[in-house]
Structures are given as structure tokens and as C-alpha cells.
Protein chains: 2
Amino acid sequence: MDLFQLLLTMAILFILARIGAALVSRFGLPGLIGEIVMGIIIANLAFGDFSLMEFLDLSISNPNVPESHSSTTYEIIEAFAELGVIFLLFTVGLETKVKDLLGAGKPALLAAVLGVILPFVAGFALIIAVDGDMHHAMFMAAAMVATSVGITARIIKDMKLMDTREARIIIGAAVIDDVLGMIVLAIVKGMAESGVSIVNILSISIQAVLFVGIVILACKFVVPKVYDYFDDRRQKSIAAGKVPYSVNKLVFSIIVCLLMAAFAEFIGLAAIIGSFLAGMLFADHAWEWDLEHKIESITTFFISFFFLNVGLQVDISTLTDMHVLILAIVVILIALATKYIGCGVGAKMGDRQLDKAGFNIVGVGMMPRGEVGIIVASIGLGTGMMSSDLYAVVVLMSVATTIIAPPILSKLFRKKYHEEYKITADDLI
Amino acid sequence: MDLFQLLLTMAILFILARIGAALVSRFGLPGLIGEIVMGIIIANLAFGDFSLMEFLDLSISNPNVPESHSSTTYEIIEAFAELGVIFLLFTVGLETKVKDLLGAGKPALLAAVLGVILPFVAGFALIIAVDGDMHHAMFMAAAMVATSVGITARIIKDMKLMDTREARIIIGAAVIDDVLGMIVLAIVKGMAESGVSIVNILSISIQAVLFVGIVILACKFVVPKVYDYFDDRRQKSIAAGKVPYSVNKLVFSIIVCLLMAAFAEFIGLAAIIGSFLAGMLFADHAWEWDLEHKIESITTFFISFFFLNVGLQVDISTLTDMHVLILAIVVILIALATKYIGCGVGAKMGDRQLDKAGFNIVGVGMMPRGEVGIIVASIGLGTGMMSSDLYAVVVLMSVATTIIAPPILSKLFRKKYHEEYKITADDLI
């Protein structure tokens, strides 16, 4: 590991991310869009012999070239990016009390289910019609399914709108959607690798549902009892004149977050699902332990690398093929429309009192695919189940939905909650 | 990068580090000792076919085997360790106001200079007498010079003794000592590589002195003016009814910290000198911007990996060679004695009012070599200027001085400041 190179790369990436965020915030867009676009610019910036990626020692392994591998600097930046989104979801979890989540129940559930079925069916049908390959169609459909709750969550957090009806539906739906998306991926992957097996489908589905269910039950019944037990012991030991044992709450919560993220990865779900659920375990005591502020500093350190990295993975040169370009545009339109209709209708079915603005907010808020689509596509590419053209299309779709949705979403939010919430420059830059 | 492996390794290392810290704190020792010892245990723990290092995917490149290289997981953990000590020194810098540092002036300067000359001369003479190789002797002497301010700083911070006379002498001396140590290393390295050159020696010395001097002058004269200018603009824009532009102070300070650490590496000094000086730049506004708390969360996340990593690099099997073992013991005794006498006498010469307890605290506080000696030794090994036996001796010396000094130091501190400062369980675990 070259420490000088790492420090230089980190500093330059940080500076460029902040410049990107500051520039787009002039137009009222959330900073993450500037960070993603800055990532795209960094990946493609070169003057003659000078390439910024080379200067920053960021060589990314090419899935098409088996013997290529990433530079150590890039692998470390990638680890920061992963930890950033894990801690971001942990913070979102800290703000999600089980009580509130179950309250959002039916609309979130219906939005998630319809928001998974529609894109899957449409994506599958499109690729069968255009390309005819069954595996290609399955992976494309799976890549179109999963919403990237990270991006929407950041907007909601930036605008301080966590306690609105729409935010609760979106966050709830995104969690269910993520779980469903991972189940879809696991099924598609399993089918591609070992043929369709009802046992595989059932086993991964049961694991995912059990994981979420157990955490929710733990939040409701176990955590309060554990907390009361230790609080009681603490009070008794103070009353007895002894110095009470105490653990560093920040370290304890980080350990739980890492363990649950690792466990989620282990059983085939995404790490962010684990960290989100870990956050929920601490939600009732986050304020008392000042966890949100402490974790937020850590998230601030890591998260810009995540959004930059989403941009870094876009190679603009793939766009020179007209056929790929047109397919990408069609896929993007379908991806936007199916999520909008699926989630909007689902939410409205579950909550009849949701007004038109709420329908729009939920529909648009569920649009961004972010990194999840890209992860699905890269798994497809790695197992030879996806062509490199379709991989480029998925990356473009993920980035486009991620860029298109946030400005519309923040406009819709601002329109509906105009008077109550005012974004300050400090929140955006 | 294998995300599951990384998360699992991080979680297990975190848990083991906290267990180590909690166990030693039962004996009144600072947690970092437990973390280092835990690192040694992790590196050497194996049952039959099971090796903990393998389970954690921590393979460390062996400098003796040219084609060996570290696992990606280890390289990421190593990056965390480096960032941990960089942010730790940044926090120490945040608490070091230039005004106070210059106040510690003469005793710190004399302690540093004598504390460099004595170990260098003694180390050089010993290896010339035992081994006879000029290059070996030079590198061993250089490895014995540098104090690891990180370890002493953590004890001082843990015990909340930053504002004592001794702490100021130690921190001041350690900074000067680090700069001197790096100059010694640069000279030794330059001599080994391209022969003695008065131009090289002068140029690296001037660079180091200039860097520190410019930062101190900037703290005194430039930073207050820049701050007043922006504060003034802010006030005017508020008075004019506009929303004032503001930057995220945490991100801004992290960028400055990373840039200065990179710059220090670039000119041949250690990264921690850069981050320490960066901290000093913000010292006057750290409280106002709540920087200490925010950076502390980030440091908490990273720092355990640093102390674990110090332990991880110890291979107990080298101790089976009786010759190496005896040499190691002699080197450790000389390393302890020369720092104790050099720094104690230097501090006393500079500050006649320093009492016996103060002499002891400064002498013991400057003993730990920590990572700095190991870095010097690995550079020597990498350039073929050091034998692998002597490398093992330096590692043992660094670890031993780092383990021996802290408990004595905390006892000395507690004896002198018994009534005023009481360590609570929360500070230690």
C-alpha cells in the first residue's frame, strides 16, 4: 500500500466531490447528484497523455478481461464506498422505529410488491423481444427490480422529512423492495447456475423473511428487556457506591452493525439490509446515546466515496454504439415508468387518503436503482449470463434513474412541504 | 474485494480489540496495550489446521520473500490503521495551540535533541561492536531514534492530562523528535543509497524545518486573519438578509488534514507530522466548530486497527534463536535507558523547576518507539540494508518499549496528579 498515493487520492476525491455537490446545489439539486456526475467526469477526464484516473491510481478491474484487477488504491476507496452506504443505511435504521415502520405497513408493502412485479415483467418481456436470450432477459429483469434506498434516503434526510407519511412509505417499501430484489436475484442466479429449483427459491425466501422478521420481533420484545436489565444493574451498582461498568456505545453499535451486515451478505442478502436492521435495533436509544451524531461523522467521512464510485463505473465510450444507446433509452423509460406506476398505485391501494402529490412522491422516490442494479448486472456478467452491451445498458439505467429521480423528488417534496421545510445552503453543500 | 470477508474481519478485530482493552484496564493499564497484545495473540493463534489469521484473510507480505504480497483484506485494514494514527495525531494537533507549544519551547527542544543523540550513538556503537556492518549499524541507530507520539498521546488524552507541564513537554518534544527522527532516517537512507552527500542532508533538513516553521507562522499570523475575513463576510451577508454560504467544517478540516499528511509523506516526513500540524491550524476554532467530537468518532472507528496492527507484525517464532533474543534484550534496555536519560536530562536542563516526578514522566513518556521504529526497519530491510534478524530485534524493541512504558507512565501520572484526575471505567474500556 502506497500511503502517499492513498492520502492524495482521498484528498482530491473529497475536494472534487464537494465541488460537484456545491455546484449542483446552486440549482437546488441534492449534493449526491453532483458527486455522481463528478465521478463520471473523473472516470473520463484525460488531456493528451494525462489521465486523471491514472494520476489517482484508480484502475478498476474490467469484468471482460479475466486477468485484469483493480489497483490497491481503488480497492481501498471501494471499501470506503461500501462502508459509506452501510453506515448511511445504519443511520436511516437509527431513525426508523419499528412502531413507525409497522404503521406504514400496508401501503409500503403493496408499493414494494407492485414496484417489483411491474419492472420485472416489463424488463423480461423487452429483452426476450429484442435479444431472445432467456438468461439475458432474467438478469436484466432482476437488475431493474431493486430500488437503491440509499439515494432516496439521503434526500429525505437532507430535507429533514423523515417524519412525513410519504417518507415512511418509501423507506418501508424500499426495505421490503430490497429484500424482494435480493430474493429475485438469488432466484435468477440459482436458476442460471443450477436450473430452477423450488427448494432453492423457498430456502432463500424463507431466510430473508426470517431475518427481517426476527429483527422486528427483537426490536419489539427483546431489546427493551435487555436495555432495562442493564439499566437496572447500573442503577443498583451506583446505589451501592460502585463505579458502574460501561461500554463505549459507539463501538458497541458499530460492532453490531458490522456483524449484521456481514450476516446479511452471508445469507445472500445485501450488506445494507443488515446495517439498516442493526440501526433499527438501536432506534429507541439512539438519541439518548447520541449515536446519530457520532455515526454521522463516520458516514460523512465515507459516503462521498460511494456516490463518486457510482459515477466512476460509467464508461461514456460505450455510448458510441447507436443500438446500445437506443436500447438504453427504452430501458430507462421503462424503468422509470414501471416503478412510478407500480409503487404509486400500490401506495394508493394501501392508503386511500394519499393525495396526488403523495402518489407522485412515492412513485418518483422509488425510481433510483443506484448501485443495486449495477451489482446485479456485474454478477450476471461475472457468471457469463449477461452480455457486456447489456451490462453497459444497466449501468446507464442505474445512473440515469439515480440522476433523474432526485431533482424531481426534491421538487415534489418542496412543493408539498413548502412552508414547513426550508433547505439551507448548509444542508446541501 | 470480498465485502463479506472484510465486514467479518472488521467485526471480529473490533470485538477482540475491545476485549483486550477491557481486560488490561482491570489492571489499570491503558487499553492500547490490550489491543497490541491482542494483535500478537491473533497473529500467532492456531489450533491444528485452524489459523485465526487465515480465517480473517490477513496474510501479510513477508519482506524476505520478494513475490509475497498482502491480502486485499489486510491492505484495507492497514489503510484503516494508517488513517487511525493520522486522525489520532490530528486530534492531538487540535488540542495543541501554537501559543502553548511555543511556551513549552526550551525543555521540549532540549529533551528532543538529547533524546535523539543518545539512542543513535548507543545503537550505532552496539551494532558496530556486535555485527561490524556499517549499514546495519546506521539503520538500527535510526530505528532507535524516533518516539511514537501516538501511544503517549493516547495515554495523556485518556487521562485528560493535556494541560499539564509534562504533557506539553512530551508532545512538543515528540513532534521535534519525530522531525529529527525523520531527518535521521532520510540521511541514513540517502547515505545508504547514494553515499554521503551534504546537499541531500541539508535539503531534507531544510524542508522539514521549513514545513514546521511555516505552519507555526501560519497559525500565529495567517489563520486568524483568514478566519476574521470569512466571519466578517458572513456577518455582512446576514445583515443584508441573505443566506450566508457555509462549508461543512468537518469535511473542510478532513481535506486539509489529508492534504498535509500527503504533503508530509511527499517531502519524506511521516504522514502523522502533517496531520498533527493540520490539527494545530484548527486548534483555535476546534471547540467552536465541535471538531474534536466529530473527529473523535472517526478516530474511534479507525484507531483500534492501528494498535492491533502493531501487534500483528510480531512473529513469536523469531524468539527461538538465543542470539537474537539476547541482542533484543540488550537493545531494549539501551533503548529504554537512552531515551529516559536523554529526554529527562534535556527537559530538566530546559526547565529547572521540573521536579523529580516530572523528570521521570518525560523520560518514560518518550520511551515508546511504536510504529516508527518498525517503519524505519522495514525500509532498511526493503533496501537490503538490514538483516532479517535485526529486523526482528527492532520489531521486538518497538513493541517492548511500547508495552513497558505506558503502564509506568500512567502510574507516574496518577501518582503526581492523583487527586485531580480520576480515571473512570468509561475512559479506559
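This report describes a predicted model of two protein chains, A and B.

## Arrangement of the chains

Laying chain A on chain B takes a turn of 180° and a shift of 0.0 Å along the axis, and the resulting RMSD is 0.0 Å. The two copies are thus related as by a two-fold rotation axis. In general, a rotation about an axis and a shift along it relate two copies of a chain.

The interface follows the same pattern: 100% of the interface residues of chain A are also interface residues in chain B, so the copies meet through the same surface.

## Fold and burial

The secondary structure of chain A consists of 17 helices and two strands. Of the 429 residues in chain A, 57% are buried. Among contacts in chain A with a separation of 6 or more, 79% are between residues 24 or more positions apart.

One helix of chain B can be described in detail. Helix α13 of chain B covers residues 322–350, which is 29 residues. From first C-alpha to last, α13(B) reaches 42 Å, close to the 42 Å expected at 1.5 Å a residue. At the start of α13(B), the backbone nitrogen of His323(B) has a side-chain oxygen of Asp321(B) within 3.0 Å.

## Nonpolar core

The largest nonpolar core contains 294 residues. The residues with the most contacts inside this core are Ile42(A), Phe301(A), Ile42(B) and Phe301(B). In soluble globular proteins, nonpolar side chains tend to be buried together.

Phe301(B) has contacts in both chains. In chain A, Phe301(B) touches Leu83(A), Phe87(A), Ile254(A), Ile298(A) and Phe302(A). In chain B, leaving aside residues up to four places away in sequence, Phe301(B) touches Met10(B) and Phe14(B).

## Salt bridges

Over all chains, the structure holds 10 salt bridges. One of them joins Glu35(B) and Arg18(B), whose closest N and O atoms are 4.0 Å apart. The pair links distant parts of the chain: Glu35(B) belongs to helix α2 (residues 31–44) of chain B and Arg18(B) to helix α1 (residues 3–25) of chain B, 17 residues apart. Glu35(B) and Arg18(B) are both buried. The side chains of Asp232(B) and Lys236(B) also meet in a salt bridge, at 3.4 Å from N to O. These two residues lie four residues apart in helix α9 (residues 198–239) of chain B, about one turn of the helix. Asp232(B) is partly exposed at a relative accessible area of 39%, whereas Lys236(B) counts as exposed at 56% relative accessibility, because the cut-off for exposed is over 50%.

Lys416(B) and Asp355(B) form another salt bridge through their side chains, with an N to O distance of 3.2 Å. Lys416(B) lies in helix α16 (residues 388–416) of chain B and Asp355(B) in the loop between α13 and α14 (356–365) of chain B, so the pair ties together parts that are 61 residues apart in sequence. Lys416(B) is partly exposed, with a relative accessible area of 29%, and Asp355(B) is partly exposed as well, at 36%. In chain A, a network of salt bridges links Glu166(A), Asp355(A) and Lys416(A).

## Backbone at Asp290

Most residues other than glycine have a negative phi. Asp290(A) is not a glycine, yet its phi is positive, about 55°. Asp290(A) is found in the loop between α11 (271–282) and α12 (291–312) of chain A, and is partly exposed with a relative accessible area of 34%.

Asp290(B) also has a positive phi, about 60°, although it is not a glycine. This residue is found in the loop between α11 (271–282) and α12 (291–312) of chain B. Asp290(B) is partly exposed, with a relative accessible area of 35%.

## Surroundings of Asp177(B)

Asp177(B) is found in helix α8 (residues 165–194) of chain B. With a relative accessible area of 0%, Asp177(B) is buried, because the cut-off for buried is under 20%.

Not counting residues up to four places away in sequence, Asp177(B) touches Ala112(B), Gly115(B), Val116(B), Val145(B), Ala146(B), Thr147(B), Lys339(B) and Met366(B). The C-alpha atom of Asp177(B) is separated by 9.3 Å from that of Ser148(B), 29 residues apart along the chain.

Conventions
Residues are numbered from 1 along each chain as its sequence is written. Chains are lettered from A and ligands numbered from 1 in the order in which they are written. This is a predicted model: local features need pLDDT of at least 70, side-chain atom pairs count only at pLDDT 80 or more; totals for chains, interfaces and linings use all residues. Side-chain values use heavy atoms; hydrogens and water are left out. The expected span of a helix is 1.5 Å times one less than its number of residues. A polar contact is a pair of N or O atoms within 3.5 Å; within protein, one must be able to donate a hydrogen and the other to accept it, and residues adjacent in sequence count only if both atoms are side-chain atoms. Copies are superposed by least squares on the C-alpha atoms of residues with pLDDT of at least 70 in both. Contact means heavy atoms within 4.5 Å. A nonpolar core is a set of buried Ala, Val, Leu, Ile, Met, Phe, Trp, Tyr and Cys residues joined through side-chain atoms within 4.5 Å. Buried means under 20% relative accessible area, exposed over 50%, partly exposed in between (1.4 Å probe, protein chains only).
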